[in-house]
Amino acid sequence: MVAGDVIHLTTAASVQFVRPIVVRVIRELPERHTYHGWVWIEGYQLNAAGDAVARRELFVMRAGVRMQALPARRRRRPVRVG
């Protein structure tokens, strides 16, 4: 996983995700030593529109992480300055 990846987390990644969530990865935290096959990640939890709603540090099983495409973004108007 690299910065910007969007991942879908379910109970396959950890039992804490009984309610699946979608996360945009900020970074892996390799300085935190874990069990083989597990990793700490830092990321933003996304809502259905793809907006960040919470910053999270998560302990997940790498094999259970599923890559996901970004949700379609709302078209935003450019902001005029001056």
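Here are some questions and answers about this predicted model.

The model is predicted, so local features need pLDDT of at least 70 and side-chain atom pairs count only at pLDDT 80 or more, while totals for chains, interfaces and linings use all residues. Residues are numbered from 1 along each chain as its sequence is written, and side-chain values use heavy atoms, with hydrogens and water left out.

Q: How many strands does the protein have?
A: Helices (H or I, at least four residues) and strands (E, at least two) are DSSP runs, numbered from the N terminus. Reading along the sequence gives β-β-β-β-β. That fits a count of 0 helices and 5 strands.

Q: What is the order of the strands in the open sheet?
A: Two strands pair if DSSP finds at least two bridges between them. The pairing in this sheet is antiparallel. The edge strands, S4 (52-61) and S5 (66-67), each pair on one side only. Put together, the order is S4-S3-S2-S1-S5.

Q: Over how many bridges do S3 and S4 pair?
A: Strand S3 covers residues 38-46, and its pairing with S4 is antiparallel. Tyrosine 44 stands opposite arginine 55 in S4. The S3 and S4 pairing runs over 9 bridges.

Q: Which residue in S5 is the bridge partner of histidine 8?
A: S1 and S5 pair in the antiparallel sense over 2 bridges. In S5, the partner of histidine 8 is arginine 66.

Q: Why is the pair of tryptophan 38 and phenylalanine 59 called stacked or tilted?
A: Rings of Phe, Tyr and Trp (its six-membered ring) pair if their centres lie within 6.5 Å; planes under 30 degrees apart count as stacked, over 60 as edge-to-face and the rest as tilted. Here the centres are 5.0 Å apart and the planes sit at 25 degrees, so the pair is stacked.

Q: Which residues form one aromatic cluster?
A: Tryptophan 40 and phenylalanine 59 make a tilted pair, with 5.2 Å centre to centre and 35 degrees between the planes. The pair links strand S3 to strand S4, with the two residues 19 apart. The cluster is Trp38, Trp40 and Phe59.

Q: Is tryptophan 40 buried or partly exposed?
A: Buried means under 20% relative accessible area, exposed over 50%, and partly exposed in between (1.4 Å probe, protein chains only). Tryptophan 40 has 26% relative accessibility, so this residue counts as partly exposed.
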